[in-house]
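Get the model loaded and your selection box ready. We'll hop from one selection to the next, with a note on what to look for at each stop.

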Amino acid sequence: MSLALLVIVVLLALILLDVRAELTGRRTIGQRIQRWARRYVVMSSGIVLVLGALLAHFFWQP
Amino acid sequence: MTARKAVSVGGLLTAAALLSLCGVSIVIANPLLGVGACDTTPKAVGWPLWAAFVSAGVAAFCFGSLLGHWRDFVSELKEEEESLGRATADAAERIDERHRRRARTVRLFLAVTLTLLTGLLAYETWALWVGPPWWPITDFVRCASNAFTWQTLFASTALLFLAGHWLWHPVRRVPT
């Protein structure tokens, strides 16, 4: 449960920073991560693949 | 505030609201969670809930990606133009230093995140290998999805929305 809370708190902090940057006209967290993802396409696709596989593994049991 | 900005902020705040709801729910309900809620090897949520998890996750990922495509990139393009030498030499140097600092921060964040993910996957492998009494992460998540189904659904949906929004990037032209 502590780990789940830690993940939620980190994600919330990132979202709030993203919203703040969006409202103040600065480069947002999303844009920074997207820039990294554009530069390292294979790695970002790999992360998405691992995330999708993990979530399917956790919840999908036909 | 432009429409693009409003929609981006709205999407992000919705994800934040869902995650906050899950966090509050975990804090409040955690002391009430009995051991009986989870077997020694918890099963995945059954039909039709697994379909709800999968379809909500895919929809959230696509929506997040769509919102990422639609997001306003004017400020980023302006910064890139400035860094390409259209500003004065001093200003360009300051911008370069700022970019380097920010790039270091982003790299550090990514390195920490990837290290954490690798550690969690290593623990998962080890726990599966040695078996009880060590629970793999899968069992923790399945336990949570059985005990707090809607909260887990919200959390996984919000996570996939953010993955689609941040990682499934739009293909667009950057000034060279």
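## Stop 1: where the chains meet

Put chain B and chain A on screen together: the area buried between them is about 4,900 Å², with carbon and sulfur atoms giving 74% of it. Buried area here is the accessible area (1.4 Å probe) that two parts lose on being put together, summed over both.

Before going on, some ground rules. This is a predicted model, where local features need pLDDT of at least 70 and side-chain atom pairs count only at pLDDT 80 or more, while totals for chains, interfaces and linings use all residues. Residues are numbered from 1 along each chain as its sequence is written, chains are lettered from A and ligands numbered from 1 in the order in which they are written, and side-chain values use heavy atoms, with hydrogens and water left out.

Now colour the contacting residues, taking contact as heavy atoms within 4.5 Å. You should have 60 residues of chain B in contact with 43 residues of chain A. How many salt bridges are there between chain B and chain A? The count is zero, where a salt bridge is a side-chain nitrogen of Lys or Arg within 4 Å of a carboxyl oxygen of Asp or Glu. As for polar contacts, the rule finds three residue pairs across the interface of chain B and chain A, both residues at pLDDT 80 or more. A polar contact is a pair of N or O atoms within 3.5 Å; within protein, one must be able to donate a hydrogen and the other to accept it, and residues adjacent in sequence count only if both atoms are side-chain atoms.

On the chain B side, helix 1 (3-29), helix 2 (49-70), helix 3 (74-86), helix 4 (89-130), helix 5 (137-147) and helix 6 (149-166) each supply at least two residues that touch chain A. Helix 1 of chain B gives the largest share, 13 residues.

## Stop 2: chain B by itself

Hide chain A's cartoon for a moment. Chain B has six helices and zero strands; helices (H or I, at least four residues) and strands (E, at least two) are DSSP runs, numbered from the N terminus. Of its 176 residues, 39% are buried, meaning under 20% relative accessible area, with exposed being over 50% and partly exposed in between (1.4 Å probe, protein chains only). Among contacts in chain B between residues at least 6 apart in sequence, 79% join residues at least 24 apart.

## Stop 3: helix 6 of chain B

Select 149-166 in chain B. In helix 6 of chain B, 13 of the 18 residues are buried, so this helix is largely enclosed by the rest of the structure. It reaches 26 Å from first C-alpha to last, close to the 26 Å expected at 1.5 Å a residue (the expected span is 1.5 Å times one less than the number of residues).

Zoom in on two threonines here. B:T149 is buried at 16% relative accessible area, and beyond its neighbours within four places in sequence, B:T149 is in contact with B:L49, B:F53 and B:A144. B:T152, also buried, has 12%. Leaving out neighbours within four places, B:T152 is in contact with A:F59, B:F53, B:A144 and B:S145.

## Stop 4: B:T138

Slide over to helix 5 of chain B, where B:T138 sits. B:T138 is buried, with a relative accessible area of 5%. Which side chain does B:T138 join through a polar contact? That of B:E124, at 2.4 Å. Outside its neighbours within four places in sequence, B:T138 also has A:H57 and A:F58 among its contacts.

## Stop 5: helix 3 of chain A

Bring chain A back and pick residues 41-59, which form helix 3 of chain A. Its buried residues are A:S44, A:I47, A:V48, A:L55, A:F58 and A:F59. Looking down the axis, these buried residues fall within an arc of 100 degrees, so they line one face of the helix; the arc is that of the directions from the helix axis to the C-beta atoms. Spin to the face turned away from that buried side and you'll find the exposed residues A:V42 and A:L49.

## Stop 6: A:I29

Finish in helix 2 (residues 29-39) of chain A, at A:I29. A:I29 is buried, at 17% relative accessible area. Setting aside neighbours within four places in sequence, A:I29 is in contact with A:L14, A:L17, A:D18 and B:W166.
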